[in-house]
Structure formats: structure tokens, C-alpha cells
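The following exercises introduce a protein structure step by step. Please attempt each task before reading its solution.

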Amino acid sequence: MNSKIYLLVSLLILLLVGGVMAKTPVGLKKWKVDDTTFTKRIGGTICNYEKLDKTWAAIVNDFEVEGDSVVYADKAVLRTRVNKNGVSKVMLTWGDQEYTITQKLLGIGWLKISTRQSKWIDSTMNWSNFSVDSNIAKWTGVSPAVDYRVRKSNGTVEHGIFFKPAFLDSAVILYNQRSDSLDIALANVMVYTLSTNIDNADSAMGDLPKRRLKDFGYYSFNLRNQWLRFPGCDTLPKIPVRQYWERRGTKIICIEYVMMSKIKKVHEAYPSATIWHNDIATIDGTTNVEDARTYKYGADGNYGGESFLQIYSNSYPCFIRVKNVASELGPGATISACACSVYVAAGGFPVVVDGYRVFKPWNEGALTGGANPDDAAFGEGVVTSNDWSNDDEEWTTAGCESADDGGSDNSGDGTGADRKATAESSVNVTGKGWWGWSITSGLAQDWYDGDANENGIFMTEISGGYITNITSTEGASNQPFWTFTYTYSSAGRVAFYADVCTWLDGGSHTTNYGTADSLTVKHSLFDDDSYAVLRHTGSITDSIDTYDTIKAGTLYVYCENVVQNLTLSLDRACKGFNEAYTTFNVWNYNTESEQYFEWGTAGALSQGATCDECDNIGDGTGDDYVDSTGSISVSTTDDGVWLGIPIPVCHITDWLSDSDENNGVKLSCSASQLTLSSDDAASRKPYFVYRYAEGSAGEEEYYGAHHQGWSATAHEQGKSRTAHKGP
């Protein structure tokens, strides 16, 4: 259904030595240094294609036609050749060897899960209706109302199968006739052939959660998780695609399947939509790095939109910062090292450049020398030599020169220190290339924890007397980036931000709060009560294996304010609410049919008796929540405190085993009102933590859960998991 081949590439990252950052390709956003330490790179130019001569170049994924039968894309790490008869071949060169995998769709059928019996729906795929554009090779009607495609994107090769409404109509009719329908899955059969130098380290057959095929130093060639795709699926709990493996001679057969009961629910909700197996993963840049320069003799000019920055004495200083560090690293990180790296494109050498912590929240702007009078059209609200933002938000000393080690973050207009007097680091720049400025781990941790504003650093020349040009974030290549090295507290626990949050306002039944930066939970004497609903889209099964034992779960929320002592309770939600549309009355909206889906009872008050089969997509029907035992006492002294609410283990076990969807939780309170930070808050976002005891899968380690395609990712010694600490 979808075998995705994608490579997150950044081979060896050389650490800072004497202030010098080695030239490095970008692409891998997070990689593992050892069993407990992680490094993440934020920002920089996407450039992750290593050519045969060991130089690096930009990836070009466009398909090119070769004769009558083949299309290919060779200018990338994962080289691809696709025959028009449906066979695709992916090649990866590592060292002096080439590793290849071929794949082809054999057919579509039914799979009875309990007995592993299968029956063909169609085993004669039609490959005659072929088309190709720059990045997609597509076969229309490989089976009636079924399409198949191979797509190239940045650093990826994706295989997807698409079921159209006519096929789904027929499938549902046949499915409804079976008395054992809850045991039936819709499946497709793929055949793989691996080159002999792929040792297939994870060689077990059977119903596997994930597969590791070949190790390459810090990397491994993996099978990754896969999910059902349909309109609006990104805002709903994921429906996993499972895989059953058999070895037949030199070939490996994979039966990829989804329980038909889940497909039926989706088809009934979106009857005219195509449902497909495809989950696009790309290597993206980031907007979380900003930079600007100022000019002493053009004191009202903003240069935030320039493609380069200049550093020269105190005439041309520059500013660079990283934003949203907590979201980039994920919850529970302890930072041990941080560095800002820039590319020196031109200048005279040597020069000594220092980087200082900034105290004022400067605004990058997007101008290239425009003035900054009291007129927004001319750049009001941007950093200049005189102002850190507006005319009434000035540096205490022009050019960010008010320096005090005893200072702190402030928004003073001509008051308060602009920056520290002692540099975070000093670098002797002796030539062109990549150079790095280290940042104290304490400051980086404060950025992450929200205890310091993410104002970045101020860079200025200390000695040398030369103008130094560095590439900015607006440059076409070699953009600045930040690197963080960090650890998590221990194994045996994983965490996910609650990235889907909103609240149901009992005083305004049709108002949506999906983008609010806080959640209100209250017990009202005058209106209906108000509730918060929270869930995470990150997959538990990617981090905890099905043979591990769940010990505990906790939802952490940050209490901004509590009016009086109360009890905060947690219940299991039954409907996969969409935060963009959820109100007191409705939990989702179908943009295709223009239909609102109402809670079983307004306010999500329809209570289910047990966890069994409680999850549903009912419109005004079905359970909204299941009463749980999770609750804590909250007092008026808990303003500004993290609250940990227990999650019943039975719910987490259900989510892990896929017997029910992870629709998250609902919060209510016994009296008065409290306000919690939401996923849209600037910091202190809510998150879920799950604790587990590692089990055993027998002789084989299965390395994670579910199938999404072939992947070369940062190599994990043991199971693929990320451990986190509490707040």
C-alpha cells in the first residue's frame, strides 16, 4: 500500500573544535550521538546529496524518461529507476558498494487476521495506463477504480496505492455480507527483492511492527510506519497499516493491510473521497532561525531582508536567533551544548568576532536598507541601529551597545541593558567557510524551558579591521543554523506534545478556540460547564513495542491560574475531535460534504460504560467519553505550576495495541475555574508521558512499530525509542 523509501541524510557532523565548525551537509534534523545523547540541527540550507566524487550538491528529484520503458531520477542520495511495467528499483551507494531494493505490486485481496487466510480480489494488475511528470510515475486503473504511483520528493521515494469511491462502495457491500467482518482486513500484496549485500538484520517473518535491514555506521536501512490517508486525516488520530511478511525463495512477500472496519468508517464519513496509503515525509528547512544586521551610519535603516550580513567594528553588527527551541527538541530535554554556525563568504582575515547574549526582543524585519520613521509602510517595528523594534522601543545605547553582565531580558525603551558584557564565545576567523560560536548550555536550557526570551546573540568584530560578509537566512545557500546536543532522563518513558488542544465553552456553544494559547476548564453556576480536550498525533507505537508493559501514563499541563481549590479530572475521549472546528456543540466538520459532526450530547457529555469499542465517528450519536479514575487536587497556590494528571493504563494499552483509536482525553473540574497553557502557547505546552517496562520479542528485536517504507535514519542501538523526563 505504501512503501516509502526516504533518507534523512547528514553523514558525519564534526563537533566544534577551537570555535571552528566544519563544512557539513544539511538534511538530518536529529541524530543520535550515543545511546543517551541526541543532537539536533535547526536551520540551514537543504543540501543532502553526496555525489560520487564526495562533493555535495542540491537534490534534484525530477524524473527523466529513458527510452520507452524506464524513467529515472539519479541526482539524489536515493537513486530511482521505474519500469513502466510497475517494477521500481531504489539504489543507495555507501562506501564502495551499491545496495538495491526492487518492489512491485502483485495484487489486492482480503486477509482474515485470525487464521492468516487470504483471498484475491484482483491478482492481475493492469500496467498499460502509464503517465509520468517531473516527480510522479503513475498507473491509472491497475485494478478497477484503483491507481498506483511512485513519487519522488526531497530525499524520498514513495509508493502509494489509491482506492477510489467505486472500489470502496463494492468492498463495503462485500464486507457487510460477512458474519466475521471484524476479523477481515483489506490488503495488497507487494514483492521485494534485496541485493545480496543487504544482510536483512531483522530477518524474522510474520506480523512484524517494523524491519531493519542494513546498518551503516550511525544509520540503518529500515522499514518504517505507514498510515491510512484521506481528506482531513492530518487532524484525526492515525489509522495504522500493518504488515505480514513471508519468505518465498529469494523474494520477500509483504501483505500490507488495514482492518476493513476502519476503512468502512472513513468511507461512510467521506463517501466521495479517494482513500490511499501514503504518508509524505520530507526534509524541510525551518523558519525558526532569524537574522538581521544594522548600520551605524544609516541608523534608521533595516537590513532584515538582505541575503548577506556584514560584521565590521561597531558599524556593522548583526543579530542571529533561534526560536521555538522547546518545540524543535520535544519535551523533557536537558541541553549539554549549543552552537550557532554561519558561513563566511568573503572578507579580510584574520578577524576576531564575539557573540553576546541579547536582552531585548529585536524584530528581524524584511527590508534592505529602508528607513524606520513613525510609519509602518516604511518599516516601523523592525530592528535598526537606533531601535530594537519601534521608535518608542529604542536600544539604551544605539547599536545594542549597553552591556551589563548583571542585566536581564527586558523591553525597555532606552532603559535596561541591551546585552551582556561578556561574550558567549569568541572566534578568530581566518578564512572563508563555516564558523561556529558556542552558547553556554545554561542559556540554551533557559531558552528551552521558557525562562529566558529567545533573543539570540549579537555578533560584532573585536579586532582585525576587515569587513566580514556572512550568508543570511535569505541567502540561496549556506544559511545559518543552530545545533543543540541534549539528553533525556532515562529509558522506559516516552513523551509527546499534546499538539491538538482546544476547549468547549459552556457559555458560547458555537465558538471555536483551536488557536487559543490557553485552555479554560470551569464548573459554572450560570452557564453550562466548560471542558478541555487534548490529544497527540505522535504515534505511541513508534516508540513503545507491543511486547513492552505499560506501567503508567501522565498528562502534564501548566496551570496559569486557578480561582479556588478544586479537583481536576481526566476522562478518555471517544471521538477524534478536530481542533480547527471543535466547539461545545460539534467535534468535526467535513469540508467535502459541508457537514458538521455533533457530539453525542453537547459538551461531549455522552458517557460510555466501558472502553470496549467506545471510539466512534458518530454525528449526534455514540459515546463522547468514558469515565476514568484520573484526577488530582489543585489549590490556589498552584498558579505557575506543572500539574500531572494520571492516565489509566487500560487506555494506553488500547492505544498501543490499536484496538481503539487514540482520541485523547477530556478535562473537567469540580468547582470554579482554572486556566491551562495550550499547544499554541509560546512555551510550557502540555504533553503526555508514558512509562513502560521493556518486554521481550524472543530472539529478534523488532525495532519499533508499523510500516511506512524504507528509511535510512539515525541508527538506534536496540529499540527505536526516545526517552523523556517530566517538567
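A residue is called buried under 20% relative accessible area, exposed over 50%, and partly exposed in between, with a 1.4 Å probe and protein chains only. The model is predicted, so local features need pLDDT of at least 70 and side-chain atom pairs count only at pLDDT 80 or more, while totals for chains, interfaces and linings use all residues. Residues are numbered from 1 along each chain as its sequence is written, and side-chain values use heavy atoms, leaving out hydrogens and water.

**Exercise 1.** Determine whether N302 is buried or exposed, and find the polar partners of its side chain.

Solution. Begin with the location: N302 sits in the loop between β24 (289-293) and β25 (308-311), where strands (E, at least two residues) and helices (H or I, at least four) are DSSP runs numbered from the N terminus. Next, N302 has a relative accessible area of 0%, and therefore counts as buried. A polar contact is a pair of N or O atoms within 3.5 Å; within protein, one must be able to donate a hydrogen and the other to accept it, and residues adjacent in sequence count only if both atoms are side-chain atoms. A polar atom of the N302 side chain lies 3.2 Å from the backbone nitrogen of G304. The N302 side chain also reaches the backbone oxygen of V383, at 2.9 Å.

**Exercise 2.** Describe the largest nonpolar core and the surroundings of F230.

Solution. A nonpolar core is a set of buried Ala, Val, Leu, Ile, Met, Phe, Trp, Tyr and Cys residues joined through side-chain atoms within 4.5 Å. The largest has 59 residues, and Y148 and F230 have the most contacts inside it. With contact meaning heavy atoms within 4.5 Å, F230 touches L236, I239, V266, Y270, T274, I275 and W276, leaving aside residues up to four places away in sequence. Apart from this core lies another, of 40 residues, including V322 and V429.

**Exercise 3.** Which strands stand at the edges of the open six-stranded sheet?

Solution. Two strands pair if DSSP finds at least two bridges between them. The order is β35-β37-β45-β39-β43-β42, with mixed pairing. β35 (500-504) and β42 (607-608) are the edge strands; each has a single partner strand, so one side of each lacks a neighbour in the sheet. Two bridges join β42 to β43 (residues 625-634), and these strands run parallel. One of the residues involved is Q607, whose bridge partner in β43 is Y625.
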